[in-house]
Protein chains: 2
Amino acid sequence: MATLQVPAYVPAPSEDAEQLHHAFEGWGTNEQLIIDILAHRKAAQRNLIRKTYHEAYGKDLLRSLDEELSSDFERAVVLFTLDPAERDAYLANQSTKRFTSSNWVIMEIACTRSSHELFNVRKAYQALYQKSLEEDVAHHTKGDYRKLLVPLVSAFRYEGEEVNMSLAKAEAKILRDKISDKEYSDEEVIRIVTTRSRAQLNATLDHYNTAFGNFFNKDLKADGDDEFLKLLRAAVKCLTVPEKYFEKVLRQAINKVGTDEWALTRVVTTRAEVDMVRIKEEYQRKNSATLEKAIARDTSGDYEKMLLALIGAGDI
Amino acid sequence: MATLQVPAYVPAPSEDAEQLHHAFEGWGTNEQLIIDILAHRKAAQRNLIRKTYHEAYGKDLLRSLDEELSSDFERAVVLFTLDPAERDAYLANQSTKRFTSSNWVIMEIACTRSSHELFNVRKAYQALYQKSLEEDVAHHTKGDYRKLLVPLVSAFRYEGEEVNMSLAKAEAKILRDKISDKEYSDEEVIRIVTTRSRAQLNATLDHYNTAFGNFFNKDLKADGDDEFLKLLRAAVKCLTVPEKYFEKVLRQAINKVGTDEWALTRVVTTRAEVDMVRIKEEYQRKNSATLEKAIARDTSGDYEKMLLALIGAGDI
């Protein structure tokens with residue numbers, strides 16, 4: 001469930017665009033007005049505002065935001081304003097570049113979006129960069145990381161609930177054998193994790209737990225410090241219990257000495273419209289504190305206001 | 001260019017459906033009428049006929065065809081009547097089954113369809129089989145074949161004409177080094193063949209030829225009898241000169257002792273609406289005989305009439 005709050009009466013896109021234009025004018029920028037509008041509109045509404053703004057003022061709204069705002073606040077507003085598929089394409093592209101390289105963000109996008117959402121990311125990626133997502137990921141990665149990430153971003157998983165139980169049992173056994181032999185990047189392990197539907201994967205992992213008395217992801221933890229293993233574990237978590245994955249990213253971002261604003265912004269802007277309610281519940285369960293309080297303690301100013309608005313803690 | 005011939009005046013779908021229903025009735029089936037209708041309608045028109053037939057007679061047209069026709073003729077009519085994406089999904093599914101297993105057909109579908117067509121095949125596959133195409137391909141294959149085929153069927157290649165020449169040069173060098181070391185299934189070779197756009201791949205292969213004085217596919221031929229190598233060569237051919245690939249499949253199917261009707265039917269039904277004109281030209285160039293004559297010599301009866309109609313040699 002989304003934390004995004006949209007007012008009962010939503011102004012026409014032309015009105016919103018005009019208000020935003022006012023917010024940029026004259027001495028100083030009216031940040032609160034920007035938050036009031038952009039942090040309280042759905043993706044389709046934001047797209048229309050951006051379109052209308054461009055028609056009225058001959059300029060991309062994102063460009064105006066870039067000129068008027070700065071730092072973490074700018075990043076949060078711009079990321080959230082983007083259409084979800086474009087935003088993911090942008091994040092994925094950044095993740096294949098040398099200085100902002102991140103196998104984690106690529107994995108996160110590939111494993112927590114629905115099959116159609118991921119396909120839309122691939123379409124948006126081509127439109128923005130004149131290349132395919134998978135060719136950049138393949139070009140940017142090597143060895144085990146490539147073996148895992150390329151099929152993850154290329155997947156179009158079946159999303160039905162049908163489960164083949166004999167297959168689940170057979171594949172639980174395969175996983176068990178490979179993990180026992182510490183063959184974590186074996187092609188069978190990769191195949192099962194990257195191609196099976198979430199329902200099928202869940203059945204396999206349930207059977208793993210029942211048959212072998214331990215969670216698959218716990219067994220994977222044996223060699224805890226291996227970076228590839230951490231990524232593989234995170235992929236399984238994203239595919240089966242995404243709210244737990246996102247809770248951990250938020251917790252680590254907030255508890256870090258010097259908050260990791262990039263991670264915090266990424267999770268809040270990409271999940272506010274999707275499953276932030278569950279992530280907040282998970283956060284409170286794990287930390288005995290609300291995410292609102294943690295964010296309010298660690299951030300400040302307009303950036304704080306923007307994040308709080310997106311997780312449903314601001315006034316509407 | 002398609003060889004499919006559609007009459008200037010196309011009857012309403014309901015009229016076509018009624019005629020087909022008549023063709024099935026009474027003593028014997030009117031095969032010529034079936035050919036006159038189904039071999040002379042575009043995919044969208046055939047879909048409408050099928051829909052209308054179902055509404056009027058409470059039965060899938062394909063089921064009626066299955067009951068009334070037999071053998072090679074039945075297979076040609078049914079395959080052609082199917083919607084292209086459904087047809088490919090069916091052919092791919094057959095290719096992952098034990099007794100009809102074929103890495104070649106999977107490769108052919110993955111490498112000769114456009115990016116959007118291939119994605120439509122993946123959607124149709126899920127709708128028909130409640131599984132994803134890539135999970136069945138991955139489950140069905142092993143080793144080098146899996147390494148090649150899974151990314152091929154999962155690809156959503158960029159289709160623009162932009163080419164990065166320095167990348168083309170660098171990747172031509174990579175291909176050359178790997179081929180010299182006989183590392184044909186090296187992950188870099190697989191990456192280049194499975195993720196690059198056709199335009200980029202062509203630039204790379206052109207540079208390969210210029211810089212190293214030999215065609216990439218000729219160099220791959222050195223170890224001619226290796227089955228994986230043959231498949232890799234065919235994939236490159238399908239991606240760059242599909243008409244040459246299909247000409248060879250047709251030639252081999254026809255020249256075989258006892259024609260290979262499955263291959264013949266597959267190529268004619270899948271290409272009649274796409275690029276059969278070029279394939280026929282290529283066939284004539286290579287064999288000093290027309291495809292029409294070759295088919296007329298090797299096949300007979302309604303099956304012959306159906307194939308000839310599809311390659312544009314029948315009366316309309």
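## Exercises on the A–B interface

The area buried between chain A and chain B is about 2,600 Å², with carbon and sulfur atoms giving 54% of it; buried area is the accessible area (1.4 Å probe) that two parts lose on being put together, summed over both. The model is predicted: local features need pLDDT of at least 70, side-chain atom pairs count only at pLDDT 80 or more, and totals for chains, interfaces and linings use all residues. Residues are numbered from 1 along each chain as its sequence is written.

**Exercise 1.** State which residues of chain A lose the most area to chain B.

*Solution.* Step 1: the contact (heavy atoms within 4.5 Å) takes 29 residues from chain A and 29 residues from chain B. Step 2: within chain A, the most area is lost by A:Glu135, A:Phe156 and A:Tyr158, together 24% of what that side buries.

**Exercise 2.** Determine how the two copies are related.

*Solution.* Step 1: a turn of 180° and a shift of 0.0 Å along the axis lay chain A on chain B with an RMSD of 0.0 Å, superposed by least squares on the C-alpha atoms of residues with pLDDT of at least 70 in both. Step 2: the copies are thus related as by a two-fold rotation axis. Step 3: the same surface serves both copies, as 100% of the contact residues of chain A recur in chain B.

**Exercise 3.** Count the salt bridges across the interface and give an example.

*Solution.* Step 1: the criterion is a side-chain nitrogen of Lys or Arg within 4 Å of a carboxyl oxygen of Asp or Glu. Step 2: six salt bridges are found between chain A and chain B. Step 3: one salt bridge joins the side chains of B:Glu135 and A:Arg196 (2.6 Å, N to O).

Technical notes. Chains are lettered from A and ligands numbered from 1 in the order in which they are written. Side-chain values use heavy atoms; hydrogens and water are left out.
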